[in-house]
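Visitor: I'm new to this one, so could you walk me through it a piece at a time?

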Amino acid sequence: MKVLRIVGAVAMLAAVAGIAGLHSLRGLALGLLAGLTCYLALARSMARALRAALPVLVFALSLTAVQIIFRMPVTNLAVKTVASFFFITSAFRIYPWANLLAGVSPLSPLFTLTCYLLFVRHFSLIFTSEAVRLLQARSLCITKPYGRGSFRSLVAALVALFERSLVRAERFYAAQSLRGLAE
Amino acid sequence: MKSVLEVESLTFAYDSAHPVLEGITFSVLEGECVGIVGANGAGKSTLLWCLLGLLKAAGAVRFFGEKLHRRHLARIGVVFQNPEDQLFMPRLIDDITLPLVNRGMSRALAAERAMAALAGAGLEDMTHRPANQLSLGERKRAAIAAALAGSPDLLLLDEPTAELDGRAVRQLADVLKGLTVARLIVSHDLSFLHGLAERIFVLAGGRIVAQGPTNQILSDRGLLERAALV
């Protein structure tokens, strides 16, 4: 079963490489459709899957909008981005990447890469929770959501978020360093 | 009994005009539980960071008589105030085995050690859950289990009871009481240290202003007031 999962995940990653090399619009449309099918088929909940894809879709639409507004050539980068997202997410649904750590040698570069991705994921969670706390605190201080005072408090909250993130990053690094993960 | 940790004339300053720590001297013996108490801003966490070499301080820190070196850190377990700084893996057991495997231990032995450490912390039913799904008290105990899985000679704990409710504090104290490893607990929670520590050092304004058996220190109301602890 494990081998099948690995083969499936590798096939998905190969599809990403294939998408990157595609130029024909028809091929890209088919790739996008295939990616979307895999993505939705492997998702636990349709609504959650669509919500998770939203930031990537917004990014792709913004990219295309910028190209149109500034009269630049409209490339197929946005389509490739979305299709790659579908395939990469599917690959890691088939074989969760965090599990790689238990299956590879600590001397392998894959071990270091997985550790690094776990650090990034963990710190993103810390960053998000700090941001939510600060925005909640700010919302208790302001009387109206827009205006001068509101803007100033938002700037102050962002500065505080930067400082807190630095402190948390420093502590996280120190803790992992002491656990020998920097060796 | 041998000294596990000896600290002599430790001095640290972020800027030379205002030293945060000045002339700190103390020791921790084998199997002993020592408390360092101080009000907020007294320099407790800075002291821990200096002991571990994370901040460069003047003075001497010796581990079993040798100058503390990076290679000694594998024999020191550290529990940070916020367990989120330590636990980040998808499963608790992975969090505990990772440093062991990374230091060359076989996966089977590391898993065995991790299970034993989690059982010691009363978390044997939670091995496959991520740390962020546990309560704060459970996460603190998990962080202690992670530190103990490496069989350290010294356990350092930074504010272990911060933000914990009464029951979680009691459970944490039970875990720590059952240990035979030397422990250095930095805290401002006097009632927590009362049943745990054998000796207490009082830190105020970056200096150790008093030291002695726990009962003697905690019964000196004037001293605790001067140190802003009550």
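Visitor: How many residues does the contact take from chain B and from chain A?
Guide: Keep in mind that this is a predicted model. Two chains share this contact, and each gives residues to it. The count is 18 residues from chain B and 17 residues from chain A.

Visitor: Which helix gives the most to the side of chain B that touches chain A?
Guide: By class, that side of chain B has 11 nonpolar, 3 polar and 4 charged residues. A helix of chain B gives the most to it, with 4 residues. That is helix H2, residues 92-102.

Visitor: Let's look at chain A by itself. How many helices and strands does the secondary structure of chain A come to?
Guide: Read from the N terminus on, the elements of chain A go α-α-α-α-α-α-α. So much for the order; the tally for chain A is 7 helices and 0 strands.

Visitor: Why is chain A described as more spread out than a compact globule?
Guide: Its C-alpha trace spans about 50 × 50 × 30 Å along the principal axes. Of the 183 residues of chain A, 14% count as buried. For 183 residues the globule rule gives 16 Å, and chain A is well over that, so it is more spread out than a compact globule: its radius of gyration is 21 Å.

Visitor: Now chain B. Why is strand E3 of chain B called largely enclosed by the rest of the structure?
Guide: Take its two faces in turn: B:Cys33, B:Gly35 and B:Val37 are buried on one side, and B:Val34, B:Ile36 and B:Gly38 are buried on the other. Both faces are therefore covered, and strand E3 (residues 33-38) is largely enclosed because the buried count is 6 of the 6 residues.

Visitor: Which residue of E8(B) is the bridge partner of B:Cys33?
Guide: E3(B) runs parallel to strand E8 (residues 182-187) of chain B, and 5 bridges join them. E3(B) also pairs in the parallel sense with strand E9 (residues 199-204) of chain B over 5 bridges, with B:Val37 opposite B:Val202. Back in E8(B), the partner of B:Cys33 is B:Arg183.

Visitor: There's an open sheet of 4 strands in chain B too; which strands stand at its edges?
Guide: The order in this sheet is E2-E1-E4-E5, with antiparallel pairing. Each edge strand has a single partner strand, so one side of each is left without a neighbour in the sheet. Those edge strands of chain B are E2 (18-29) and E5 (66-67).

Visitor: What is the bridge partner of B:Arg62 in E5(B)?
Guide: Strand E4 (residues 58-63) of chain B runs antiparallel to E5(B), and 2 bridges join the two. In E5(B), B:Arg62 has as its partner B:Lys67.

Visitor: At what angle to E2(B) does helix H1 of chain B run?
Guide: Helix H1 (residues 44-51) lies across E1, E2 and E4 of chain B. Its angle to E2(B) is about 65°.

Visitor: Which helix gives the most to the largest nonpolar core?
Guide: That core has 73 residues, and B:Leu47, B:Ile96 and B:Leu156 are among those that touch the most other members. Leaving aside neighbours within four places in sequence, B:Leu156 is in contact with B:Leu48, B:Ile76, B:Val78, B:Val79 and B:Leu184. With 7 residues, the helix that gives the most is H4 (residues 136-148) of chain B.

Visitor: How many residues are in the second, separate core?
Guide: In soluble globular proteins, nonpolar side chains tend to be buried together. The second core includes A:Ala15, A:Ile19, A:Cys38 and A:Phe87. Its size is 12 residues.

Note on methods. Residues numbered from 1 in each chain as written. Chains lettered and ligands numbered in written order. Predicted model: local features only at pLDDT ≥ 70, side-chain atom pairs only at ≥ 80, totals over all residues. Contact = placed C-beta atoms within 7 Å. Nonpolar A, V, L, I, M, F, W, Y, C, P; charged D, E, K, R; others polar. Buried ≥ 20, exposed ≤ 12 C-beta atoms within 10 Å, placed from the backbone. Pairing = 2+ DSSP bridges. Rg over C-alpha atoms; globule rule 2.2 N^0.38 Å. Core = buried A, V, L, I, M, F, W, Y, C linked by C-beta atoms within 7 Å. Axes fitted to C-alpha atoms, helices over the stretch in contact; angles between N-to-C directions.
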